[in-house]
Amino acid sequence: MYAQETEPEEDLPFDAVIQSELGGKRMKFYGNTRFNFNQAHFSNWISGGESALTLLYGLDYNFNYSDRNGLVWDTNLLLSIGTTSISGSKYLKKADDRFEINSLVGKQINQFWNYSSFFNFKTQLLPGFKYYKEEGIEMRDKVSRLLSPAIVQAGLGFYYKKSNDMWVNLSPISARIIVVSKKFTEDLVDGAKYFGVERDKSSKFFFGALVSGFFKTEIMENIIWENKYSFYVNYLEKTQNIDFDWNANLRFKVNTKISGNFILHLLYDDDLIGKLQVRELLGLGINIDL
């Protein structure tokens, strides 16, 4: 059976025999890269203010693969990095720093549901610092760096995918490990932890359940709302605590090249800090679909 030329390939049922140069396979590469900046300048401004310049770079890239035998493989690479220069400060300060890889392999049960296995890796690329002043002099201490911390998760479960714009992965069997450098744990006081890792240790292991997903919609013309989320329950301890990670990105286009971004990132992980972490970014810049 041949697919009609007018029928989009991605809308064909999962078990359709697709006659193409890929031999029945579907393969898609797509993504988005952006350069954003924020700038504030004050000169003789009587009510006060500090001049600042923030530069941000982001990459969100995807690879989707499926074939007529029911194999599904979806991978996402996320990179977001930025720096801020503040008038009167001798240091450039981090505005954003995220590096994440998500990969999921599934075997189709029917058109939308799949058995699944997933892999997730998170870290940062640049060192992080705590800033303070001593006798009026600005000082800083390193509190994090590349692979410290690094979070690795893997698990088995079920994958529901309606389209590239909406999917959910349910993983009742999920392992998680936080890896850090002993440099940051060797001097901890008794009872203190570094990203959940105890004194003189370099990792902590978790076993639990993970629900993660993605939802994307156009809320009005030229305004796209993307949501990535995950919820994690640890079977081994503090089962009543639910860790969550919700990243909402509102993208709006001025024209084909100029766009704006508003990012609201909410994170709660009892093992990391035990408080709600909030990250908010707003910028205007160049946006390129890949």
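What follows is a conversation between two people reading a predicted model of a single chain.

Colleague: Let's start with the overall fold. How many helices and strands does the chain have?

Modeller: The secondary structure comes to 0 helices and 14 strands. Read along the sequence, the pattern is β-β-β-β-β-β-β-β-β-β-β-β-β-β. Bear in mind that this is a predicted model.

Colleague: And what box do the C-alpha atoms fill?

Modeller: Along the principal axes, they fill a box of roughly 80 × 50 × 30 Å. The accessible surface of the chain comes to about 17,000 Å², and 60% of that surface belongs to carbon and sulfur atoms. Buried residues make up 39% of the 290 residues.

Colleague: What share of the contacts joins residues at least 24 apart in sequence?

Modeller: Among contacts between residues at least 6 apart, that share is 55%.

Colleague: Now the strands. What should I keep in mind about side chains when I look along one?

Modeller: In a regular strand, the side chains alternate between the two faces of the sheet. For a case here, take strand E3 (residues 71-86) and strand E4 (residues 93-108).

Colleague: In which sense do E3 and E4 pair, and over how many bridges?

Modeller: They pair in the antiparallel sense over 14 bridges. To find your place in the ladder, look for Thr75, whose bridge partner in E4 is Ser103. The hairpin of E3 and E4 has 6 residues between the strands, and in that hairpin Gly88 takes a positive phi near 90°.

Colleague: Which strand does E4 pair with besides E3?

Modeller: E4 also pairs with strand E5 (residues 113-123), in the antiparallel sense and over 10 bridges. One bridge to look for joins Phe99 to Thr123 in E5. E4 and E5 form a hairpin too, with 4 residues between them.

Colleague: On to empty space. How do I tell a cavity from a pocket?

Modeller: The question is whether the probe can get out: in a cavity a 1.4 Å probe fits but cannot get out, whereas a pocket is an open set of points. In this model there are 2 cavities of 30 Å³ or more.

Colleague: What volume does the largest cavity have, and which strands help to line it?

Modeller: Its volume is about 80 Å³. Strand E1 (25-40), strand E2 (52-67), strand E13 (258-268) and strand E14 (277-289) each supply at least two residues of the lining. Among the lining residues are Arg34, Tyr57, Asp96, Asn261 and Leu281. By class, the lining of the largest cavity has 5 nonpolar, 5 polar and 2 charged residues.

Colleague: How does the lining of the second largest cavity divide by class?

Modeller: That lining divides into 2 nonpolar, 2 polar and 5 charged residues. The space inside is about 70 Å³. Strand E11 (residues 223-234) gives the most to the lining, with 3 residues. Lining residues to pick out include Tyr232, Glu237, Lys238 and Asp270.

Colleague: Where should I look for the centre of the largest pocket, and which residues lie nearest to it?

Modeller: Look for Asp97, Gln124, Phe195, Leu267 and Gln277, which lie nearest the centre among 41 lining residues. About 1,300 Å³ of space lies in this pocket. E4, the strand we met in both hairpins, gives the largest share of the lining, 8 residues. The lining of the largest pocket has 19 nonpolar, 10 polar and 12 charged residues.

Colleague: How much space lies in the second largest pocket?

Modeller: About 980 Å³. Of the 47 residues that line the second largest pocket, the closest to its centre are Asn62, Asn76, Trp167, Phe214 and Lys228. E4 again gives the largest share, here 6 residues. By class, this lining has 11 nonpolar, 19 polar and 17 charged residues.

Colleague: One last residue, Ser181. Is Ser181 buried or exposed, and why?

Modeller: The cut-off for buried is under 20% relative accessible area. Ser181 counts as buried because its relative accessibility is 14%. Ser181 is found in the loop between strand E9 (166-179) and strand E10 (203-220). Leaving aside neighbours within four places in sequence, Ser181 is in contact with Arg145 and Ser148.

Conventions
Residues numbered from 1 in each chain as written. Heavy atoms only, no water. 1 Å grid on protein atoms, 1.4 Å probe; cavity = no way out; pocket = protein on both sides within 12 Å on 5 of 7 lines; lining within 4 Å. Points joined across faces, edges and corners; volume = space filled by probe spheres on them. Nonpolar A, V, L, I, M, F, W, Y, C, P; charged D, E, K, R; others polar. Buried < 20%, exposed > 50% of the residue type's maximum accessible area, 1.4 Å probe, protein only. Contact = heavy atoms within 4.5 Å. Areas by Shrake-Rupley, 256 points an atom, 1.4 Å probe, with all protein chains shown as cover. Pairing = 2+ DSSP bridges.
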